[in-house]
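Trainee: I'm new to this one. Could you show me the structure and let me quiz you about the words people use for it?

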Amino acid sequence: APPAAAGAAEAAAAMNDSVPCDCVLIRGTAVVNEASLTGESVPQMKDRLTVDAQSASLPLEMNGRDRVHTLFAGTSIMSASQTSGDSGGDGAAAREESIAAPGVPPTPDGGALCFVLRTGFSSSQGELMQMIEFSQQQLQSQLQPRQQQQLLLQLQLQLQLQQLRHQLQ
C-alpha cells in the first residue's frame, strides 16, 4: 500500500480509543462518544479551535463556548481526521486547513492534533473519580457497615453499567 494509505489505515485502526486527558483540538476534527461522562449516547462532533482578533484575548471556556473544541478524558474517539472536510482525494481540503491554521504542523498519520489541558485527577474524568471517592469517605463516617457495603455495591454496578453501555456503542 502507498505510504498515505498505510497512514490512513493506522489512523482508522486507532479509532475507538479512550481520550487520556482533557485537550483542545488545534488541527482537524473528531467525533467522540461522551457517554462515559455525560450519559448522552449521541456522538459529539468536535472541530478545531480558531483564534481571531475578537477571541484572542478571551480565556478558554472548556465547559462553555469552547466545549465544541474540547475532548474530555475518558471519552471515546470514534473518528478523527486532519482536515475539516472530505478532501476528495485531491488534497484541496488539506491545503485549505493549512492556510486556516497557520503555524500548526500536519500530523504524520492524518489524525487530529490536540493540546493537552489537564491530566490525572485534574481532568474531567479525574474530578468524577475524586467526587466518588471523597463522597464514599464522607459517607463511611456516617453509615453503618451494612449501609456502606450496599452503597459501594450500587456504585460498582453503576460504573459497570456505564462501561457496558460504552462497549455496546
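Trainee: What makes β3 largely enclosed by the rest of the structure?

Mentor: Keep in mind that this is a predicted model. A residue counts as buried when its relative accessible area is under 20%. Four of the five residues of β3 pass that test, so the strand is largely enclosed by the rest of the structure. For the protein as a whole, 27% of the 169 residues count as buried.

Trainee: How do you know that β3 and β4 pair?

Mentor: Two strands pair if there are at least two bridges between them. Strand β3, residues 29-33, has four bridges to β4, in the antiparallel sense, so by that cut-off they pair. You can look at Ala 30, which sits opposite Lys 46 in β4, and at Val 32, which sits opposite Gln 44 in β4.

Trainee: And what makes β6 a partner of β3 too?

Mentor: Again, count the bridges. Five of them join β3 to β6, residues 76-81, and the two strands run antiparallel. Val 32 faces Ile 77 in β6, and Thr 29 faces Ser 81 in β6.

Trainee: Does β1 make the cut, or how many bridges does it have to β6?

Mentor: Two bridges join β1 to β6, antiparallel once more. The cut-off is at least two, so β1 and β6 count as paired. Ser 18 stands opposite Ser 76 in β6.

Trainee: Why are β1 and β4 said to stand at the edges?

Mentor: Follow the order of this open, antiparallel sheet of four strands: β1-β6-β3-β4. β1 (17-18) and β4 (44-47) each have a single partner strand, so one side of each is left without a neighbour in the sheet.

Trainee: What about the sheet that holds β2?

Mentor: That open sheet has three strands, in the order β5-β2-β7, with antiparallel pairing. Here β5 (70-71) and β7 (113-118) are at the edges, each with a single partner strand, so each has one side without a neighbour in the sheet.

Trainee: How do you know that β2 and β7 pair?

Mentor: Strand β2, residues 22-27, and β7 are joined by five bridges in the antiparallel sense. Pairing needs at least two, so they qualify. One of the places to look is Arg 27, whose bridge partner in β7 is Leu 113.

Trainee: How many helices and strands are there in the protein?

Mentor: Five helices and seven strands. From the N terminus, they run α-β-β-β-α-β-β-β-α-β-α-α.

Trainee: Which elements give two or more residues to the lining of the second largest pocket?

Mentor: The second largest pocket holds about 230 Å³ of space. The elements giving two or more residues to its lining are α2 (35-38), α4 (124-142) and α5 (145-168). α5 gives the most, with four residues.

Trainee: What kinds of residues make up that lining?

Mentor: The lining of the second largest pocket divides into four nonpolar, eight polar and no charged residues. Among the lining residues are Leu 37, Met 129, Gln 162 and His 166. Gly 74 is also in the lining, and Gly counts as polar. Ser 18 and Ser 76 belong to the lining as well, and you met them facing each other across β1 and β6.

How values were computed
Residues are numbered from 1 along each chain as its sequence is written. This is a predicted model: local features need pLDDT of at least 70, side-chain atom pairs count only at pLDDT 80 or more; totals for chains, interfaces and linings use all residues. Side-chain values use heavy atoms; hydrogens and water are left out. Buried means under 20% relative accessible area, exposed over 50%, partly exposed in between (1.4 Å probe, protein chains only). On a 1 Å grid over the protein atoms alone, a cavity is a set of points where a 1.4 Å probe fits but cannot get out, and a pocket is an open set with protein on both sides within 12 Å along at least five of seven lines; lining residues have an atom within 4 Å of a point. Grid points are joined across faces, edges and corners, and a volume is the space filled by probe spheres set on the points.
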